[in-house]
Amino acid sequence: MNTAKRQYSSCYNLPLTFDALDELKILDESFIGTDNYMGLAFCWGGDLKYYCRDMTPRVRKMFHNACLDSGIELATEDHNGKTYSYIASCPKSLEIAKRLSKD
């Protein structure tokens with residue numbers, strides 16, 4: 001993963017329908033583990049949900065990037081013929097989630 005300083009643009013104030021938002025979440029699932037992840041899709045598994053589910057997309061992206069920058073690898077699961085990637089629950093990812101959920 002490229003650990004160079006990331007540059008972002010903020011465009012979360014788009015006028016989206018619920019259908020469009022659902023499509024963006026599906027697209028965002030394919031971005032988990034990359035710099036393109038937007039923070040719309042759930043990127044965690046297991047015990048992390050208690051800390052991450054109420055995070056804003058901005059904080060989810062911060063969590064995602066902090067975990068990847070810390071060397072936490074993605075886990076995968078197959079459901080109905082589709083493979084999903086996510087950040088697995090481990091002591092380091094729990095520490096990051098707890099820290100960011102307080103912000």
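Which two helices have axes that come within 10 Å of each other, and at what angle do they cross? Here are my notes for anyone opening this predicted model for the first time.

1. **The helix pair.** The answer is H3, covering residues 57–69, and H4, covering residues 91–101; their axes cross at roughly 150°. Anything over 145 degrees counts as roughly antiparallel, so H3 is roughly antiparallel to H4. As for handedness, the crossing of H3 and H4 is right-handed.

2. **Who meets whom between H3 and H4.** On the H3 side, look for Val59, Met62, Phe63, Ala66 and Cys67. On the H4 side, the residues they meet are Ser93, Ile96, Ala97 and Leu100. Sorted by class, this contact has eight nonpolar residues and one polar residue, with no charged residues taking part.

3. **The overall plan.** Stepping back, the protein has four helices and two strands. If you walk along the sequence, you get the pattern α-α-α-β-β-α. Of the 103 residues in the protein, 28% are buried. Take the contacts between residues at least 6 apart in sequence, and 50% of them join residues at least 24 apart.

4. **The hairpin.** The strands are E1, residues 74–79, and E2, residues 82–87; they run antiparallel and six bridges join them. If you want a place to begin tracing the pairing, try Leu74, whose bridge partner in E2 is Ile87. The hairpin has two residues between its strands.

5. **Asn80, at the turn.** What is worth a look in the loop between E1 and E2? Asn80 lies there. Its phi is near 50°, a positive value in a residue other than glycine. Is Asn80 buried or exposed? Asn80 counts as exposed because its relative accessibility is 87%, and the cut-off for exposed is over 50%.

6. **Ser89, after the hairpin.** Move on to the loop between E2 and H4 and you find Ser89. Ser89 is partly exposed, with a relative accessible area of 32%. Which residues does Ser89 touch, if you skip those up to four places away in sequence? They are Gly45, Asp47, Leu48 and Leu94. Gly46 is worth checking too: Ser89 and Gly46 are 43 residues apart in sequence, yet their C-alpha atoms are 5.8 Å apart in space.

7. **Gly45, the other side of that contact.** Gly45 sits in the loop between H1 and H2. With a relative accessible area of 11%, Gly45 is buried, since buried means under 20%. Leaving aside neighbours within four places in sequence, Gly45 is in contact with Tyr86, Ile87 and Ser89. One of these, Ile87, is the residue that bridges to Leu74 in the hairpin. For Gly45 and Ser89, the C-alpha separation is 6.2 Å, although they are 44 residues apart along the chain.

8. **Ala41, in the loop between H1 and H2.** Ala41 is also placed in the loop between H1 and helix H2, which spans 49–52. Is Ala41 buried or exposed? Ala41 counts as buried, because its relative accessibility is 2%. Not counting residues up to four places away in sequence, Ala41 touches Lys25, Asp28, Glu29 and Arg60. Ala41 can also be placed relative to Tyr86: the two are 45 residues apart in sequence and 10.0 Å apart in space, C-alpha to C-alpha.

9. **Ile26, in H1.** Helix H1 covers residues 18–30, and Ile26 lies in it. Ile26 counts as partly exposed, at 45% relative accessibility. From Ile26 to Ala41 is 15 residues in sequence and 7.1 Å in space, C-alpha to C-alpha.

10. **What I'd look at on screen.** Begin with the H3 and H4 crossing at roughly 150°, then find the turn with Asn80 in the loop between E1 and E2. From there, go to Ser89 in the loop between E2 and H4, hop across to Gly45 in the loop between H1 and H2, and finish at Ala41 and its contacts, including Arg60.

Conventions: Residues numbered from 1 in each chain as written. Predicted model: local features only at pLDDT ≥ 70, side-chain atom pairs only at ≥ 80, totals over all residues. Heavy atoms only, no water. Axes fitted to C-alpha atoms, helices over the stretch in contact; angles between N-to-C directions. Parallel < 35°, antiparallel > 145°, perpendicular 65-115°, else oblique. Left-handed = near helix turned anticlockwise from the far one by under 90°. Contact = heavy atoms within 4.5 Å. Nonpolar A, V, L, I, M, F, W, Y, C, P; charged D, E, K, R; others polar. Pairing = 2+ DSSP bridges. Buried < 20%, exposed > 50% of the residue type's maximum accessible area, 1.4 Å probe, protein only.
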